[in-house]
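Visitor: I am new to this structure. Please walk me through it, and let me ask how you know each thing.

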Amino acid sequence: LDPGVALLGKPYRRDDLARKLRHVLAGREHVEQAQVALNNMPAVQRLPGTPVRVLVVEDNADALAATLEILDYLGYPAEGAATAETAMDLLAAQRFDVLLADVELAGTSGVDLAVRVRQQYDLQVVFASGYPARETPIADAPWLQKPFTIDDMSALLIRLSAVPR
């Protein structure tokens with residue numbers, strides 16, 4: 001293989017892919033670039049030193065598992081929900097700082113869920129979608145374009161993790 005090229009033989013399991021991704025990305029430096037790129041995004045209101053907790057709502061089981069794996073790799077505590085109803089149950093039982101919602105969910109749209117969440121809880125909303133960014137009722141909600149990379153997720157969460165102004 002050429003230098004810088006990693007090989008993952010088929011067939012492979014999801015945890016094999018995650019392990020390979022962690023290995024390949026272990027030495028990457030991106031914190032300063034992320035802070036500059038996302039400078040205008042509002043910070044999560046939290047106590048300094050408290051880890052940002054993320055609730056991921058995604059109805060595609062593989063995408064949900066991959067997103068939770070990325071968050072785990074980056075060191076962010078996260079829970080996943082496949083439906084809006086499950087997400088609301090988790091929000092009632094636990095504290096979260098960020099709702100990362102797929103825009104197109106089975107049953108209830110991620111946008112409708114985010115509006116409900118904003119009415120009941122004080123947390124940052126991030127929309128994730130393979131569709132182009134569009135206007136939503138939550139003007140300050142960033143749009144995470146699918147497929148996103150670990151760097152995309154890291155950059156977003158670094159900004160959201162900033163100590164409140």
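Guide: Start with a rule: two strands pair if DSSP finds at least two bridges between them. In this predicted model, 4 bridges join E1 to strand E2 (residues 78-81). That meets the cut-off of at least two, so E1 and E2 pair. The two strands run parallel.

Visitor: Which residue of E2 is the bridge partner of valine 57?

Guide: Alanine 81 is the partner in E2. Valine 57 also has a bridge partner in E3, alanine 101.

Visitor: How do you know that E1 pairs with E3?

Guide: Count the bridges again. There are 4 between E1 and E3. At least two are needed, so these strands pair. They run parallel. Valine 54 stands opposite valine 98 in E3.

Visitor: What makes E3 and strand E4 a pair?

Guide: They share 5 bridges, in the parallel sense. The rule asks for at least two, so E3 and E4 (residues 124-129) qualify. Leucine 100 stands opposite valine 126 in E4. From E3 the chain crosses through helix H5 (residues 110-120) to E4.

Visitor: Why is that β-α-β crossover called right-handed?

Guide: Point the strands away from you. The path from the first strand over the helix to the second must then run clockwise. The crossover from E3 through H5 to E4 is right-handed, so its path runs clockwise in that view. E1, helix H3 (residues 61-74) and E2 also make a right-handed β-α-β unit.

Visitor: Why is strand E3 called largely enclosed?

Guide: Buried means under 20% relative accessible area. In E3 (residues 98-102), 5 of the 5 residues are buried, so the rest of the structure largely encloses the strand. Both faces are covered. Val98, Leu100 and Asp102 lie on one side, Leu99 and Ala101 on the other. In E1, Val54 and Val56 point one way and Leu55 and Val57 the other way, and all are buried.

Visitor: What makes helix H6 largely enclosed?

Guide: In H6 (residues 150-160), 9 of the 11 residues are buried, so the helix is largely enclosed by the rest of the structure. Among them are Ile150, Met153 and Arg159. At the start of H6, a side-chain oxygen of threonine 149 reaches to within 3.3 Å of the backbone nitrogen of aspartate 151.

Visitor: Why is glutamate 85 called partly exposed?

Guide: Its relative accessible area is 47%. Buried needs under 20% and exposed needs over 50%, so glutamate 85 falls in between. Glutamate 85 is in helix H4 (residues 84-93).

Visitor: How do you know that arginine 53 has no salt bridge?

Guide: Look at the nearest side chain of opposite charge. That is glutamate 79, 4.6 Å away. A salt bridge must be within 4 Å, so this pair does not count. Arginine 53 is buried all the same.

Visitor: What makes arginine 53 and glutamine 94 a polar contact?

Guide: Their side chains are joined at 2.6 Å. The limit is within 3.5 Å, so the distance fits. Arginine 53 sits in the loop between helix H2 (31-37) and strand E1 (54-57).

Visitor: How many helices and strands does the protein have?

Guide: There are 6 helices and 5 strands. Along the sequence they follow the pattern α-α-β-α-β-α-β-α-β-β-α. Buried residues make up 40% of the 165 residues.

Technical notes: Residues numbered from 1 in each chain as written. Predicted model: local features only at pLDDT ≥ 70, side-chain atom pairs only at ≥ 80, totals over all residues. Heavy atoms only, no water. Buried < 20%, exposed > 50% of the residue type's maximum accessible area, 1.4 Å probe, protein only. Lys, Arg positive; Asp, Glu negative; His and termini not counted. Polar contact = N/O pair within 3.5 Å; in protein donor to acceptor, adjacent residues only side chain to side chain.
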